[in-house]
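Work through these exercises with the structure open beside you. Try each task before you read its solution.

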Amino acid sequence: MDFMNVDTLHPMLVQVSAGWRKTRRVAHHSLHPVSIKEYRPQIIKSTRAFLKRLLNDPDPFNIIPHIRHLAGETILSIDYGLQIQEENDPYLEMSLVGLQTFADAAVPGAFLVDSFPLLKDVPAWLPGASFKRKASAIVYETLRWRDVAPTGVPHLLSTEDEYEGYRLRAGASSFQTLGRAMLHDETMYPDPFTFNPDRFINPDTGQVDFMRARDPSHACWGYGRRICPGRHMAFSSIWLAIASLISMFNSEKVKEKVRVVGEDVIGWEEERTVELTHEYVSGLAVMPKPFKCVIKPRSKEKAGLICEPLIQDHD
Ligand code: HEM
């Protein structure tokens with residue numbers, strides 16, 4: 001298989017044509033909410049492997065590589081049927097290098113579960129319904145809060161057009177930043193740059209309520225005929241990863257000892273909390289810069305559950 005061959009270019013990079021329509025039909029069919037039920041075992045397998053990696057290597061500087069491995073393993077195993085090795089997998093490495101040029105990582109029930117069949121049958125290691133609703137609110141907020149590709153993929157106008165008196169020439173590039181700005185519209189999402197999953201939860205019912213804050217799907221996957229065909233699979237895998245992560249692990253800010261020197265030149269040691277910086281590496285796809293935090297399993301029992309044989313998930 002040649003990931004770099006122009007004949008196998010990502011549909012995102014291909015102009016609307018008979019070939020693009022064919023690829024798009026296949027993608028739509030194989031990534032449809034009903035079709036993705038078949039991928040459940042693979043999504044669970046890569047999520048379990050991710051939890052194990054985090055358990056064995058909780059070094060905060062390796063969290064992002066762990067997440068990249070999870071996204072890569074899920075996509076490659078489903079798209080290409082590959083069994084991805086735990087370490088130094090050649091296909092995973094090749095795909096990460098290939099994707100680097102245009103996007104470093106590709107990484108929402110009756111409301112939730114009806115739209116995402118995969119969620120009707122969640123793994124046994126996850127707790128009850130109210131927890132799952134909270135996990136859902138976190139996923140919605142994650143998709144709203146920060147944009148994976150803030151400039152979006154530029155679109156090329158195939159024919160001349162006009163908008164409110166402006167002539168748009170055929171061949172011009174258009175960027176869809178406005179749609180993404182909608183995810184930060186403070187009339188819809190007050191205090192938009194604060195990560196607040198509760199904005200989606202109705203305090204009276206405890207359920208996700210899009211009357212309180214609009215479903216970010218109206219903008220985060222793009223629009224029209226180029227809308228992301230992988231959105232159902234992406235949502236289901238992100239949901240499972242986040243739900244598993246918060247049910248199995250505690251995360252805390254790091255505390256560091258710092259040497260403080262007073263006016264009388266007498267020094268002493270103080271413990272300070274290291275705040276998260278929310279700094280990003282810019283590019284077509286943005287990635288958080290490495291950050292410090294402590295990630296620990298919630299209990300010995302939960303750590304044991306992560307290590308249990310996968311066969312239990314299919315029971
Ligand atoms: C958090 C995860 C993801 C986000 C936020 C996302 C978002 C997007 C966006 C904004 C576009 C561009 C739409 C446009 O040009 O108007 C796109 C295109 C695309 N996405 Fe995703 N995506 C994600 C995951 C995935 C996954 C997992 C797959 C495949 C399994 C996938 C496959 C595609 C394809 C094939 C296109 C190109 C569609 C076309 O141009 O016809 N995406 N995605």
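The exercises below go from the whole chain to helix packing and then to single residues.

**Exercise 1. The overview**

Task: Find how many helices and strands the protein has, and what share of its residues is buried.

Solution. Start with the kind of model: this one is predicted. Next, count the elements. The protein has nine helices and 10 strands. Then turn to burial. Of the 315 residues, 20% are buried.

**Exercise 2. Helix H2 against helix H3**

Task: Describe how H2 and H3 pack, and decide how H2 is oriented to H3.

Solution. Two numbers are needed, because a packed pair of helices is described by the angle and the distance between the axes.

- Step 1: H3 spans residues 63–80, and its axis lies 9 Å from that of H2, at an angle of about 160°.
- Step 2: Angles over 145 degrees count as roughly antiparallel, so H2 is roughly antiparallel to H3.
- Step 3: The crossing of H2 with H3 is right-handed.
- Step 4: List some contacts. The H2 side includes Gln42, Ile43, Phe50 and Arg53, and the H3 side includes His66, His69, Leu70 and Glu73.
- Step 5: Sort the contact by class. It holds six nonpolar, seven polar and two charged residues.

**Exercise 3. Helix H2 against helix H9**

Task: Work out whether H2 and H9 are roughly antiparallel or oblique.

Solution. Follow the route of the previous exercise.

- Step 1: H2 covers residues 40–56 and H9 covers residues 300–307; their axes come within 9 Å and cross at roughly 130°.
- Step 2: Roughly antiparallel needs an angle over 145 degrees, and roughly perpendicular runs from 65 to 115. The angle here is roughly 130°, so H2 and H9 are oblique to each other.
- Step 3: This crossing of H2 and H9 is left-handed.
- Step 4: From H2, Leu51, Lys52 and Leu55 meet Ala303, Ile306 and Cys307 of H9.
- Step 5: The classes are five nonpolar, no polar and one charged.

**Exercise 4. Helix H2 against helix H8**

Task: Give the angle, the hand and the contacts for H2 and H8.

Solution. Take the axes first. They come within 10 Å and cross at roughly 35°. Now the hand: H2 passes H8 in a right-handed crossing. Then the residues. Ile43, Thr47, Phe50 and Leu51 of H2 meet six residues of H8, namely Ser236, Ser237, Leu240, Ala241, Ser244 and Met248. This contact has six nonpolar, four polar and no charged residues.

**Exercise 5. An annotated cysteine**

Task: Place Cys228 in the chain, and decide whether Cys228 is buried, exposed or partly exposed.

Solution. Begin with the record. The unreviewed UniProt entry has a "binding site" annotation that covers Cys228. Next, locate the residue: Cys228 sits in the loop between H7 (177–181) and H8 (231–248). Now count neighbours. Buried needs 20 or more, and exposed needs 12 or fewer. Cys228 has 17 other C-beta atoms within 10 Å, so Cys228 is partly exposed. Leaving out residues up to four places away in sequence, Cys228 touches Trp221 and Gly222.

**Exercise 6. Two positive phi angles**

Task: Find the phi values of Glu164 and His278, and say where each residue lies.

Solution. Take Glu164 first. Its phi is near 45°, a positive value in a residue other than glycine. Glu164 lies in the loop between S2 (161–163) and S3 (166–168). Glu164 has 4 C-beta neighbours inside 10 Å, so Glu164 counts as exposed.

Now His278. Its phi is near 55°, also positive and also not in a glycine. His278 lies in the loop between S7 (267–273) and S8 (280–281). With 12 other C-beta atoms within 10 Å, His278 is exposed.

Notes: Residues are numbered from 1 along each chain as its sequence is written. This is a predicted model: local features need pLDDT of at least 70, side-chain atom pairs count only at pLDDT 80 or more; totals for chains, interfaces and linings use all residues. Helices (H or I, at least four residues) and strands (E, at least two) are DSSP runs, numbered from the N terminus. UniProt positions are given in the numbering used here, feature names are shortened, and annotations may be inferred rather than shown by experiment. Two residues are in contact if their C-beta atoms, placed from the backbone, lie within 7 Å. Axes are lines fitted to C-alpha atoms, for helices over the stretch in contact, and angles run from 0 to 180 degrees between N-to-C directions. Angles under 35 degrees count as roughly parallel, over 145 as roughly antiparallel, 65 to 115 as roughly perpendicular and the rest as oblique. A crossing is left-handed if the near helix is turned anticlockwise from the far one by less than a right angle, and right-handed if clockwise. Ala, Val, Leu, Ile, Met, Phe, Trp, Tyr, Cys and Pro count as nonpolar, Asp, Glu, Lys and Arg as charged, and the others, Gly among them, as polar.
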